[in-house]
Amino acid sequence: METHSLSAVELAECIRKRSVSALEAVESVLKRIEQLDAQVRAFVTVDADGARAQARALDEKRARGEALGLLGGVPVAVKDNICTRGLPTTCSSKILQNFVPPFDATVVERLRAAGAVILGKTNLDEFAMGSSTENSGLFVTRNPWALDRAPGGSSGGSAAAVSARMASLALGSDTGGSIRQPASFCGIVGVKPTYGRVSRYGLVAFASSLDQIGPLARDVPDAALLLRVLCGHDPQDSTSADRAVPDFLRDLDGPIRGLRLGLPREFFGEGLSREVEDAVRQAIETLRSAGAETLEISLAHSEYAVATYYLVATAEASSNLARYDGVHYGYRSAEAGDLYRLYAATRREGFGAEVKRRIMLGTYALSSGYYDAYYLKASRVRTLIRRDFEKAFQEVDVVVCPTAPTPPFKLGEKVDNPLEMYLSDIYTISLNLAGLPGLSLPCGFSSEGLPLGMQMLGRAWDESTLLRVAQAYQRRTDFHRREPKVSLL
Amino acid sequence: MTDYEVVIGLELHAQLATRTKLFCGCSTAFGAPPNSQTCPVCLGMPGVLPMLNRAAFDHVVRTALALHCRIDPETAMDRKNYYYPDLPKNYQISQNARPIGVDGWFDMESGGSIKRVRILNVHLEEDAGKLIHPEDTGAATSRVDLNRAGTPLVEIVTGPDLRSVEEAKAYMESMRQFLVALGVSDCKMQEGSLRFEASISLRPFGQEKLGPRVEIKNVNSVRFVLGALECEIRRQTELLNRGESVPQQTVLYDVRHDETRPMRSKEHAEDYRYFPEPDLVPLHLSPERLEAIRATIPELPLARKQRFMQCLGLSSYDAGILVEDPAIAGYFEACAALHADAKAVSNLITNEVLRELKERRLTIDAFPVRPEGLADLLRRMDAGEVSKTVARDVLTEMVATGRGAGPIIEAKGLRQIGDEAVLRALVLQAMQQNPKAVSEVRAGKSKARGALVGPVMRATQGKADPGLINRLIQELLNRPSSGE
Ligand SMILES: [Zn+2]
């Protein structure tokens, strides 16, 4: 039975009602992966045997009359920077190519507890550093909508897998837009939760104060379902919040009449492609027709967001990535010699160019004599950016803007120009600096038939309102229902 | 040779007395097989996060309070970045910008007077692991043991206030007693749970400006710190006397050759690139919590010693011995509460109890003679039931058998002979057998008295009351020499 075209909510319901077995669901996506992934290359590891075993166990459990959980039998792909016990976790880096964690990330534990089937691990920009998945140290992932286009990044593998129906749901991580921008490029929904909403335990750190795990899904209800499973306090993560988790799925269908949407003028200016702007403005009209009010707002310090981000994130990364040194685990250079040479050669050979660039940037920003001018100043600007949002949310309930400035760009187009690549995160980065929740959802297609995305940013802990507005939009549109026709190049 | 004023600062690292490590649940027990007390967190695996051990944090707050520091109600951890194989994350979680305590002081006894040492900084940090080099094992490569990695430490930094090697020694010893009494560390030097680093400079007497600072690394025992300081004083004095200047630098102490040599620049990283640890939220300390921790601070060794001297009349020496170990001091106080003569209690403990503990390698907590038993023995000594010499044997028997003093004295017939008639006969006998001693005593040679006491003691197997014997000798000597 071909179940891959069912949404996660539908599939879970079918399995619960016994019209589909967990094993059938797994076989369906495995077949899909077999057909398509040679071209898309979303997966680093497909755990076919493991997925079948998990599915069989769930079917047995169901046969015994036991409940399977919210995601009972739903196949989920996991970004390969999230630790899975016994399954390689590479961060798409040569330096961790053979690393097999002895533990599950908290989110993976939560997935298993909810009855999800862990299908495999998806490609990313090495250590989540990038916006196109071209920085993967392993291979390049293609956009299912057009194989010569980038799927976005860094969660490009997860977004492509969901978009191409090779998984019902996927986990991504978002440090500066790494869930929302690939969701936009691949025509799906991606949610970056409030910082502290989802445990980071087991997420291989890029920038600890910005990283957050979140769902990639075909539509809003699927995203709400997965988000519900991921959220919750984790005693193993000091930055995880001890707050009640709403039933996001149940709260989806409330009215949005009277809600106030803010349009930040800084996010509709220079550098924004005409096609994206038109699609987002059209979407705003749709929301107005559903009863929402709109007003222009200002996020005055957002012009400094990219610069601030590339100091804070790289500073933290330079320290977070120091542990990959060839001594304790992972890749070790064969170039023997003294300790210093072992460190240098291992890191020179094990890391790709972008990772090295960011480690050097961050090391510099923290160095004695430069700390005040760079890291400290960036931390202060970060506070100003956060205050901009606090001010904005006194006037509005949700901020609406484009997710990315352009439709999906061509593979290779920006790979030699890091600064231009950094600018593809220009609308997503501020949110991470402020620690707030946001989501991206499909809002149209370019003249070339490429997906376009819009972004909604919310108050801290208020993912519910974001999801409600997004659902109101999806009830009135059908962009999210379109499937890419993956064709041979 | 010109003399210079010596200026020393000390930096102490003590392992905090917690059951588990600072950021994970692994045991901190000493002596386990290499890497058996590790987990993904203290191995620094990808994806792991630290969770702060509140008990360790409280220990440092307690230490900072007891050192009269200013306590920041909101403190935070920082990362100290440097590469070394015993540091799995290649950064140490420590405190830099906002240590738990600053600007305190510590009073210690040195050379018979009280010296106040400024405490600049008291903070919490994690320990590194241990490298095991081929020289030690005969293996082909160096190995890493991460059992110690992530063990909680308190770091205490003094101002440049110590003026001699003797003061440095007094500081190290007083600090050890202080931390043990405070209950924050067991301070076992041989297990590496107490370590010091020193910095030293010299300046002409009378000069206010400090000389260039030389930091001494790689000194893992009090003896080596003192040795290294002596070396540096010699070396710097020679340099200054030759009219040369002392370069500001870090030196290593070579124990074997008893000399210090400058570290190559590569041996110590200069830029630790500190920044706030993003994986741990800042630590709030409410006034209530602060007061609750303050309430757990016991009386500290110096204050206790002074109380023993002033209120109980002990000598400085005896009081010092008793407060060296807070458990011994506690035992003493429990005994003194049952027996009024505190000096007698102190004498029995510092002489006999400590000897028994040492011989039997016991701690006072495991000592079979509890304060009630010891007070009972003291009472019997006071009552003249046993002599001091016999009491010592009775105590040994009490430790060995766990029985009380009374039954032992009865069973072994150790009761002191206080029967005057019996002793008088024995004294008379001794005088008759040794007329030479009698005439010498009469001539004022009191030393000769021993020749008269000895035979009486021998005849009674030591049970005779020495005071009574002396009195009888005197009486018989004073008597008109009727028998002669
Ligand atoms: Zn551990």
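**Exercise 1. The domain interface in chain A**

Task: Characterise how domain 1 of chain A and domain 2 of chain A, which bury about 2000 Å² between them, meet in this predicted model.

Solution.
Step 1. Start with the chemistry of the buried area: 69% of it is on carbon and sulfur atoms.
Step 2. Find the main contributors on one side. Ile95(A), Met129(A) and Phe206(A) supply 31% of the area that domain 1 of chain A buries against domain 2 of chain A, more than any other three residues.
Step 3. Sort that side by class. The residues of domain 1 of chain A that touch domain 2 of chain A comprise 13 nonpolar, 8 polar and 2 charged.
Step 4. Count contacts. Here 23 residues of domain 1 of chain A are in contact with 24 residues of domain 2 of chain A.
Step 5. Look for specific pairs. There are 0 salt bridges between the two domains of chain A, but 8 residue pairs are in polar contact across their interface.
Step 6. Place the domains. The assignment gives domain 1 as 3–262 + 394–415 + 426–481 and domain 2 as 303–380. Their centres, taken over C-alpha atoms, are 27 Å apart.

**Exercise 2. Chain B against chain A**

Task: Describe the interface of chain B and chain A, and name the residues of its salt bridge.

Solution.
Step 1. Take the extent. Chain B and chain A bury about 2800 Å² between them, with 60% of it on carbon and sulfur atoms.
Step 2. Pick out the leading residues of chain B. Pro46(B), Leu49(B) and Tyr83(B) supply 22% of the area that chain B buries against chain A, more than any other three residues.
Step 3. Count the residues in contact: 32 of chain B and 41 of chain A.
Step 4. Search for charge pairs. The rule finds 1 salt bridge across this interface. The side chains of Asp279(B) and Arg200(A) form a salt bridge at 3.1 Å, N to O.
Step 5. Add the polar contacts: 17 residue pairs across the interface of chain B and chain A.
Step 6. Assign secondary structure. In chain B, strand E4 (78–81) and strand E15 (275–276) each supply at least two residues of the side that touches chain A.
Step 7. Classify that side of chain B: 22 nonpolar, 4 polar and 6 charged residues.

**Exercise 3. Backbone geometry in the loops of chain A**

Task: Which residues other than glycine have a positive phi, and where is a cis peptide bond?

Solution.
Step 1. Check phi. Arg18(A) has a phi near 65 degrees, a positive value. Arg18(A) sits in the loop between helix H1 (8–16) and H2.
Step 2. Add Ala128(A), whose phi is positive at about 65 degrees. Ala128(A) lies in the loop between E3 and H5.
Step 3. Test burial. Ala128(A) is buried because its relative accessibility is 3%, and the cut-off is under 20%.
Step 4. Check omega. The peptide bond joining Gly153(A) and Ser154(A) is cis, with omega about 10 degrees. Ser154(A) belongs to the loop between strand E3 (117–122) and helix H5 (156–163).

**Exercise 4. Two sites compared by accessibility**

Task: Are Ser28(A) and Gly449(A) buried, partly exposed or exposed?

Solution.
Step 1. Locate Ser28(A): helix H2 (residues 22–40) of chain A.
Step 2. Read its accessibility. Ser28(A) has a relative accessibility of 7%, so Ser28(A) counts as buried.
Step 3. Inspect its side chain. A polar atom there lies 3.0 Å from the backbone nitrogen of Thr3(A).
Step 4. Locate Gly449(A): the loop between strand E10 (438–445) and strand E11 (451–458).
Step 5. Classify Gly449(A). Its relative accessible area is 31%, so Gly449(A) is partly exposed.

Definitions and conventions
Residues numbered from 1 in each chain as written. Chains lettered and ligands numbered in written order. Predicted model: local features only at pLDDT ≥ 70, side-chain atom pairs only at ≥ 80, totals over all residues. Heavy atoms only, no water. Helix = DSSP H or I, 4+ residues; strand = E, 2+ residues; numbered from the N terminus. Buried < 20%, exposed > 50% of the residue type's maximum accessible area, 1.4 Å probe, protein only. Domains from an automatic or database assignment. Contact = heavy atoms within 4.5 Å. Buried area = accessible area lost by both parts, 1.4 Å probe. Salt bridge = Lys/Arg side-chain N within 4 Å of Asp/Glu carboxyl O. Polar contact = N/O pair within 3.5 Å; in protein donor to acceptor, adjacent residues only side chain to side chain. Nonpolar A, V, L, I, M, F, W, Y, C, P; charged D, E, K, R; others polar.
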